[in-house]
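Please walk me through this structure in the viewer. I would like to know what to select at each stop and what is there.

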Protein chains: 4
Amino acid sequence: MAHDALKREVCRVNKEIVKAGLVTLTWGNASGVDRDAGVLAIKPSGVDYDQLAPDDIVVLSLASGEILEGTLKPSSDTPTHLYLAQKFPESNGIVHTHSTCATSFCQAGMKLPCLGTTHADHFFGTVPCVRALTEDEVREAYEHNTGVAIVEAFEELGIDPAQVPAVLQNGHAPFAWGATPAKALENAIVLEECARMALMTWQLNPKAELPRHILDKHFLRKHGPGAYYGQKN
Amino acid sequence: MAHDALKREVCRVNKEIVKAGLVTLTWGNASGVDRDAGVLAIKPSGVDYDQLAPDDIVVLSLASGEILEGTLKPSSDTPTHLYLAQKFPESNGIVHTHSTCATSFCQAGMKLPCLGTTHADHFFGTVPCVRALTEDEVREAYEHNTGVAIVEAFEELGIDPAQVPAVLQNGHAPFAWGATPAKALENAIVLEECARMALMTWQLNPKAELPRHILDKHFLRKHGPGAYYGQKN
Amino acid sequence: MAHDALKREVCRVNKEIVKAGLVTLTWGNASGVDRDAGVLAIKPSGVDYDQLAPDDIVVLSLASGEILEGTLKPSSDTPTHLYLAQKFPESNGIVHTHSTCATSFCQAGMKLPCLGTTHADHFFGTVPCVRALTEDEVREAYEHNTGVAIVEAFEELGIDPAQVPAVLQNGHAPFAWGATPAKALENAIVLEECARMALMTWQLNPKAELPRHILDKHFLRKHGPGAYYGQKN
Amino acid sequence: MAHDALKREVCRVNKEIVKAGLVTLTWGNASGVDRDAGVLAIKPSGVDYDQLAPDDIVVLSLASGEILEGTLKPSSDTPTHLYLAQKFPESNGIVHTHSTCATSFCQAGMKLPCLGTTHADHFFGTVPCVRALTEDEVREAYEHNTGVAIVEAFEELGIDPAQVPAVLQNGHAPFAWGATPAKALENAIVLEECARMALMTWQLNPKAELPRHILDKHFLRKHGPGAYYGQKN
């Protein structure tokens with residue numbers, strides 16, 4: 001019943017989001033999924049990253065949310081992670097941060113369109129901004145309903161979460177995901193950098209946009225059957 | 001008569017405000033209060049943080065301001081710390097910085113409204129901007145009257161300083177406080193980050209605001225009887 | 001057939017672009033040219049900078065692009081480097097980054113005019129912004145045609161690439177070059193800093209410009225027969 | 001004839017301007033004056049800060065500019081340092097940088113007014129922006145005439161250089177000075193931070209200004225006969 005490799009990797013990625021400059025204090029958490037074992041492993045709530053060790057990571061049933069391993073309380077954002085992991089079956093890693101620029105987009109209630117190839121290399125189009133929850137949704141099950149609102153938005157907009165692996169939640173902060181916890185971290189880093197560059201780009205030219213054929217080229221040279229970037233393609 | 005633990009903690013928090021990137025040169029100071037002993041301990045004036053040691057910390061009577069321990073002059077801002085500590089009985093730590101973004105708010109004479117959950121997690125609403133002192137107030141007792149103006153503002157606005165543990169002083173710089181010196185440091189860090197994000201948020205959307213029910217949810221899941229964030233709740 | 005010194009220098013400069021803060025993740029690459037040997041050496045595609053060693057550097061024929069040494073795939077941007085190295089005979093080093101501010105200029109589709117002596121010390125006038133490629137150019141040979149568009153722009157604008165050793169590509173990111181890989185790195189650093197300062201300068205004064213006689217003075221005191229800056233002049 | 005203590009201090013301060021984040025590449029230099037010995041010591045031109053050693057520092061006659069010690073060429077900005085040292089007799093240290101925010105003010109051709117107490121603690125009012133040199137001044141003796149223009153501006157504006165120890169040169173970059181090289185460094189750091197905060201302050205409130213009585217209070221509690229900040233007052 002031990003999930004040592006998963007806990008080590010989730011612990012490592014939680015520490016990496018701090019090293020990447022995406023986290024102030026304890027505002028952030030990463031989780032990882034082992035679909036064969038049917039579990040999600042996540043950071044405990046409010047623990048300092050410096051002191052975080054693999055054995056502090058909490059392991060839950062992916063289906064029910066029941067705690068299977070760990071003596072600490074899981075992150076208060078766990079219901080969001082669980083719901084996203086259940087509904088986005090290609091995402092085995094989820095990273096939540098309050099990174100400065102992406103969170104500013106959330107606070108402004110704005111989506112992040114693709115303004116250049118840096119964005120296109122990782123996100124196949126606009127990263128959406130999901131609506132703030134209603135009073136009822138907040139009262140009933142705030143963190144769970146955050147996941148529900150995200151999944152609904154991707155369905156309504158017809159966006160494949162494997163092709164646009166991040167979201168900006170209105171008034172709150174971003175979530176990113178990926179095929180592994182490490183890929184989710186990478187997408188959280190890219191989201192922050194693209195948000196930072198969008199702020200500067202719009203200062204220079206509020207009408208900037210990337211032609212669609214360049215967006216397609218950059219995403220598809222890194223992803224899918226025609227990819228030729230990196231050593232594995 | 002020794003207050004070793006308090007002096008060590010106040011020394012440590014003074015060094016931490018530098019590590020947190022909130023301080024240029026020697027512009028900042030932290031104090032701590034031991035209410036049972038009736039003392040306030042504070043950084044000496046104009047001493048380099050690198051060389052600061054626990055024995056350099058100056059200990060004063062909380063009631064009278066009389067120096068009880070220490071051979072160095074206390075921070076020139078000591079009368080402000082003393083007055084706030086006397087009037088805000090739940091605040092046993094006070095941190096003053098000239099951190100870049102929060103100080104820019106002070107220079108602009110602007111309060112910091114709650115624009116997102118990062119703010120709501122720590123401050124239960126707008127962080128007020130307190131008026132600049134008059135010529136008479138400056139001449140008579142500048143640093144003491146700075147404290148007086150802050151306390152008056154919280155009373156006039158009906159704000160509980162334990163729920164909004166920071167203030168922006170017009171033309172000057174921020175003060176933050178908390179139940180311990182470490183909590184005051186944390187609030188100073190949050191204030192700076194929220195001010196940074198507000199600058200970016202308003203660049204994107206000058207009318208941004210967080211719905212009241214989300215503000216309530218985030219503050220109350222971390223504070224008070226219904227809190228469920230962290231390991232202690 | 002070994003090119004050890006070139007590979008060591010190209011490896012070193014690739015690591016230096018990270019240390020200089022110009023690179024997020026693996027977005028960047030440096031190449032170096034040995035014109036006597038007729039070769040170009042370049043970073044492999046998608047390899048972490050931490051783990052990069054001189055033997056990972058790929059050596060290609062400068063004339064044909066054929067791989068002469070190395071077991072890894074060269075950077076996907078290799079055809080751009082090759083074309084620039086072929087057409088800019090004074091440039092024996094090329095650095096490509098997605099550095100934040102220069103890339104924001106690219107995304108905005110804006111050239112970088114000379115606003116001060118920092119710029120004038122390194123670039124003899126405006127750094128041009130080269131048009132985005134057409135659908136046909138992207139489909140046929142994207143990376144090669146990127147080089148073609150850059151070279152065409154310098155010819156059309158009558159700019160000597162040895163005097164303005166950098167370019168901003170619309171929608172993408174900057175390239176910089178120089179007499180050596182180290183000089184190309186230096187120019188990439190200067191380009192980023194000048195772009196950062198231009199953003200701030202225009203926030204203060206949208207009509208700022210440097211008088212032509214100051215631009216001439218600063219460039220020519222560092223470059224050409226009348227130079228007197230540094231120890232070698 | 002050796003000036004070891006001066007050379008060590010000038011070397012140290014040159015390295016400190018890099019540590020303080022005020023320098024990119026080799027854009028910056030510090031000098032120090034020993035008025036009893038009648039000498040000015042300055043960084044050599046274009047030497048890396050990492051490799052700079054006290055024996056590399058060049059010592060010149062303060063009166064004539066003749067090189068007295070050192071085998072390297074002095075900084076190309078030496079004539080500016082010399083002229084300022086000659087005309088500002090209370091300034092025994094001068095620091096020149098291209099620090100990002102202060103240089104952006106120079107590029108914008110804008111002076112830096114006092115917007116808060118951080119500024120008032122170090123500069124007794126507006127830091128002026130000195131006009132760009134004419135074609136004749138540039139051709140004849142660019143670096144010397146830079147100093148002449150600065151001194152003329154202070155005379156015309158009636159500013160005491162000991163009370164406003166810095167200047168912004170139009171199109172170029174800032175100079176700061178002080179009673180010692182270390183004080184000049186401190187003023188260069190403060191200038192950069194005040195310029196950074198002014199950019200943010202004006203983004204929030206373009207009409208921000210500090211009341212005169214607060215400016216007086218803050219400058220005079222740190223400087224002159226009534227000072228009470230720090231351990232020496």
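The tour below starts with confidence, moves to one strand and its neighbours, and ends with a pair of chains.

**Confidence.** This is a predicted model, with an ipTM of 0.94 and a pTM of 0.96. Colour chain A by pLDDT: the average is 95, and 99% of the residues score at least 70.

**Strand 5 of chain D.** Select residues 93–97 of chain D, which form strand 5. Five of the five residues are buried, so the strand is largely enclosed by the rest of the structure. In a regular strand, side chains alternate between the two faces of the sheet. Show the side chains here: D:Gly93, D:Val95 and D:Thr97 belong to one side, D:Ile94 and D:His96 to the other, and both faces are covered.

**Its partners.** Add residues 28–34 of chain D, which are strand 1. Strand 1 runs antiparallel to strand 5 of chain D, and five bridges join the two. To find the register, centre on D:His96, which has D:Asn29 opposite. Next add residues 174–178 of chain D, strand 8, which is also antiparallel to strand 5 and is joined to strand 5 by four bridges. Here D:Val95 has D:Ala176 as its bridge partner.

**Chains C and D.** Now hide the side chains and show chains C and D together. Chain C superposes on chain D after a rotation of 90° with 0.0 Å of shift along the axis, at an RMSD of 0.0 Å. The two copies are therefore related as by a four-fold rotation axis. Select C:Gln203: of the residues of chain C, its C-alpha comes closest to that axis, at 6.1 Å. The copies use different surfaces, as 3% of the contact residues of chain C recur in chain D.

How values were computed:
Residues numbered from 1 in each chain as written. Chains lettered and ligands numbered in written order. Predicted model: local features only at pLDDT ≥ 70, side-chain atom pairs only at ≥ 80, totals over all residues. Heavy atoms only, no water. pLDDT = per-residue confidence, 0-100. Buried < 20%, exposed > 50% of the residue type's maximum accessible area, 1.4 Å probe, protein only. Pairing = 2+ DSSP bridges. Least-squares fit on C-alpha atoms with pLDDT ≥ 70 in both. Contact = heavy atoms within 4.5 Å.
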